[in-house]
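Subject: Structure for you to look at

Hello,

I am passing on a structure that you have not worked with before. Please open it first, and then read the notes below it.

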Amino acid sequence: MGSGFSSIFSDNNDKAPASSSLQGLGDLPENCLAMVLEHFDAPEICNLALVNRVFYQASCADLLWESKLPENYGVLIKKLLMLHEDDSSFRCLRKKDIYSRLCYPIRISNGTKEVWNEKKRGGICMLVSWKGMKITGIHDRRYWTHVSTLQSRFHTIAYLKQIWWLEVEGDIDFDFPPGNYSLYFRLYLGKVSARQIQHGSFNNDQVHGWAINPVCFRFWVSNDLRGLFCLCRADHAQTLVFADTTRK
């Protein structure tokens with residue numbers, strides 16, 4: 001995508017005036033180029049900013065990045081970045097800077113939840129640690145072991161040795177922008193050592209009880225949307241159970 005992108009073809013007998021020159025995307029007005037860049041995702045915009053000075057200036061336009069920000073970004077920067085619209089530090093931030101800062105994972109709820117803006121698609125994501133949930137017997141070492149591992153964003157996982165019954169409860173109080181969301185319950189099944197956990201190695205040969213009764217997952221949101229789905233059998237060491245929901 002250079003200055004010769006939109007070259008003009010003509011007959012050999014036609015001679016262009018001496019003062020004319022080839023023109024391309026780099027010669028577009030900055031606001032027009034910013035409107036073109038709106039059709040790209042954030043990583044692509046950052047790559048195109050390296051083309052030349054005009055592309056760089058257009059890639060910094062507030063109009064461009066405001067279209068990429070979550071609809072309620074004003075609420076999010078207050079909650080996540082602890083900034084208010086009246087603060088001088090907020091007024092100095094460009095929309096591109098706000099987008100960039102929201103893309104870095106931010107810990108909330110005493111470090112038990114992590115929130116970030118997905119770079120490519122621009123959606124809000126949240127990850128909840130086991131420490132942010134109510135789990136049956138979680139502090140009883142007869143049933144549970146807390147293992148440090150780099151396989152988790154929170155650098156620790158709760159490993160269940162055995163138990164007769166189990167309930168896990170969690171709640172999220174957060175201003176998600178309107179949109180479609182997927183809810184995932186992530187489980188690792190298998191009897192493993194701490195060394196195997198560090199390397200992400202799991203073997204579910206010694207997993208018992210999942211085939212006797214189905215494991216039920218329930219969720220509900222503020223608009224009274226409810227869901228119930230059951231996992232009757234887990235055939236893989238890493239199991240992702242998910243449901244789709246909409247926030248209006």
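For the pocket described next, Ala, Val, Leu, Ile, Met, Phe, Trp, Tyr, Cys and Pro count as nonpolar, Asp, Glu, Lys and Arg as charged, and the others, Gly among them, as polar. On that basis, the lining of the second largest pocket has seven nonpolar, one polar and two charged residues. Please keep in mind throughout that this is a predicted model.

The second largest pocket

The volume of this pocket is about 190 Å³. Its lining is made up of Ala 42, Pro 43, Cys 46, Trp 65, Lys 96, Tyr 99, Ser 100, Cys 103, Tyr 104 and Lys 119. H2 and H7 are the elements that give two or more residues to this lining. Ser counts as polar and Lys as charged, so Ser 100 is the polar residue of the lining, while Lys 96 and Lys 119 are the charged ones.

The protein overall

The secondary structure comes to eight helices and 11 strands. The protein has 248 residues, and buried residues make up 32% of them. Of the contacts with a separation of 6 or more, 49% are between residues 24 or more positions apart.

The core

How many residues does the largest nonpolar core have? The number is 32, and the residues with the most contacts inside this core are Leu 64, Leu 80, Ile 98, Leu 102, Val 115 and Phe 174. At least two core residues each are supplied by helix H1 (30-37), helix H2 (42-48), helix H3 (53-59), helix H4 (62-66), helix H5 (73-80), helix H7 (95-102), strand S1 (106-108) and strand S3 (124-128). H5 gives the largest share, four residues.

Leu 102 can serve as an example from this core. Beyond its neighbours within four places in sequence, Leu 102 is in contact with Leu 69, Pro 70, Ile 77, Leu 80, Leu 81, Trp 116 and Asn 117. Among these contacts is Leu 80, which is also listed with the residues that have the most contacts inside the core.

The aromatic pairs

There are three aromatic pairs in the structure. One of them joins Phe 174 and Phe 176 edge-to-face, at 5.0 Å centre to centre and with 65° between the planes. Another, also edge-to-face, joins Phe 176 and Tyr 181, at 5.3 Å centre to centre and with 70° between the planes. Ring pairs thus link Phe 174, Phe 176 and Tyr 181 into a cluster.

Are the residues of this cluster buried or exposed? Buried means under 20% relative accessible area. Phe 174 counts as buried because its relative accessibility is 8%. Phe 176 counts as buried at 18%, and Tyr 181 counts as buried at 19%.

The loop between S1 and S2

Most residues other than glycine have a negative phi. Which residues in this loop have a positive one? Ser 109 has a phi near 55°, and Asn 110 has a phi near 60°. Ser 109 lies in the loop between S1 and strand S2 (113-117), and Asn 110 lies in the loop between S1 and S2 as well. Ser 109 counts as partly exposed because its relative accessibility is 37%, whereas Asn 110, at 81%, counts as exposed.

Regards

Methods
Residues are numbered from 1 along each chain as its sequence is written. This is a predicted model: local features need pLDDT of at least 70, side-chain atom pairs count only at pLDDT 80 or more; totals for chains, interfaces and linings use all residues. Side-chain values use heavy atoms; hydrogens and water are left out. A nonpolar core is a set of buried Ala, Val, Leu, Ile, Met, Phe, Trp, Tyr and Cys residues joined through side-chain atoms within 4.5 Å. Buried means under 20% relative accessible area, exposed over 50%, partly exposed in between (1.4 Å probe, protein chains only). Contact means heavy atoms within 4.5 Å. On a 1 Å grid over the protein atoms alone, a cavity is a set of points where a 1.4 Å probe fits but cannot get out, and a pocket is an open set with protein on both sides within 12 Å along at least five of seven lines; lining residues have an atom within 4 Å of a point. Grid points are joined across faces, edges and corners, and a volume is the space filled by probe spheres set on the points. Rings of Phe, Tyr and Trp (its six-membered ring) pair if their centres lie within 6.5 Å; planes under 30 degrees apart count as stacked, over 60 as edge-to-face and the rest as tilted.
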